[in-house]
Amino acid sequence: DAYYLRACTLLKESNYESTLADFEKAFSLATDNLELVTSAYEEMQAAGFAEEGKTYIQNFMDQQDKKLTDSQKGILYYYLEDYANARIYLDGALNGTDAKVSLMLGQTYEKLGDNNYAASVYSNFLSTTPDAQIYNQLGLCNLKTGDYEAALNAFQSGLAIEGNQLMQVLSFNEIVAYEYLGDFKQATVLMQKYLSTYPDDEKALREYEFLQTR
């Protein structure tokens, strides 16, 4: 964990060579830790080194191949952008109780252009288990398909889950849903409340300027 966290800090400081050294050290100390490898990839991707980060994913697959479950293979294929294989393995692992598998499978179908099926994957999971992240993804999916009322309901359902870590994201997306519905008055009211809580959100500030022209 210490090597991983230091690597993330070094990456933000553009100390690329030291970043790689610390990631490699972290991997060597936890050779079967899927979350560690995928998190490192996400950090590399965010810093503009997605292709380099994919080598971590591929190396992990090569080294752990016979030990990997279908869900793990599906997740790794997703990060490699091999969505055809990701769908095969994640479909095989889907059991309706694993939030990670449901989320990744839905996102895989989104990448393949089947937003309606993706929404059904999210909805099936949510029918038994509330999950803020999946509610948010369902809402985004509904925005893509033009079902703005359903999108608003999804975001609000996520917001109703106490103590979730996506309050800011869900609050912003709720405002966007009201905009799509043409209810600019409510969007403006919510944006004012949002900015009182998150005053440094530059994207929200630009959106507020737009709303003031409506």
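Analyst: Let's start with a term: a residue is buried under 20% relative accessible area, exposed over 50%, and partly exposed in between. The model we will read this way is a predicted one.

User: Is Glu81 buried, exposed or partly exposed?

Analyst: Glu81 has 42% relative accessibility, so it counts as partly exposed. You can find Glu81 in the loop between α5 (70–79) and α6 (83–93).

User: How do I read a backbone angle such as phi?

Analyst: Look at its sign: most residues other than glycine have a negative phi. Glu81 has a positive phi, near 65 degrees, and is not a glycine.

User: Which other non-glycine residue with a positive phi can I look at?

Analyst: Try Ser14, whose phi is about 65 degrees. Ser14 sits in the loop between α1 (2–12) and α2 (16–29). With a relative accessible area of 65%, Ser14 is exposed.

User: And how do I read pockets?

Analyst: Rolling a probe the size of a water molecule over the atoms shows where empty space is left. Here the largest pocket has a volume of about 210 Å³. Its lining has 13 residues, with Glu42, Gln45, Tyr78, Tyr79 and Met104 nearest the centre. Two or more lining residues come from each of α3 (34–46), α5 and α7 (99–111), and α7 gives the largest share, five residues.

User: How many lining residues of the largest pocket are nonpolar, polar and charged?

Analyst: Six are nonpolar, three polar and four charged.

User: What about the second largest pocket?

Analyst: The second largest pocket holds about 160 Å³ of space. Both α11 (167–180) and α12 (184–197) give two or more residues to its lining. Five of the lining residues are nonpolar, two polar and two charged.

Key. Residues are numbered from 1 along each chain as its sequence is written. This is a predicted model: local features need pLDDT of at least 70, side-chain atom pairs count only at pLDDT 80 or more; totals for chains, interfaces and linings use all residues. Side-chain values use heavy atoms; hydrogens and water are left out. Helices (H or I, at least four residues) and strands (E, at least two) are DSSP runs, numbered from the N terminus. Buried means under 20% relative accessible area, exposed over 50%, partly exposed in between (1.4 Å probe, protein chains only). On a 1 Å grid over the protein atoms alone, a cavity is a set of points where a 1.4 Å probe fits but cannot get out, and a pocket is an open set with protein on both sides within 12 Å along at least five of seven lines; lining residues have an atom within 4 Å of a point. Grid points are joined across faces, edges and corners, and a volume is the space filled by probe spheres set on the points. Ala, Val, Leu, Ile, Met, Phe, Trp, Tyr, Cys and Pro count as nonpolar, Asp, Glu, Lys and Arg as charged, and the others, Gly among them, as polar.
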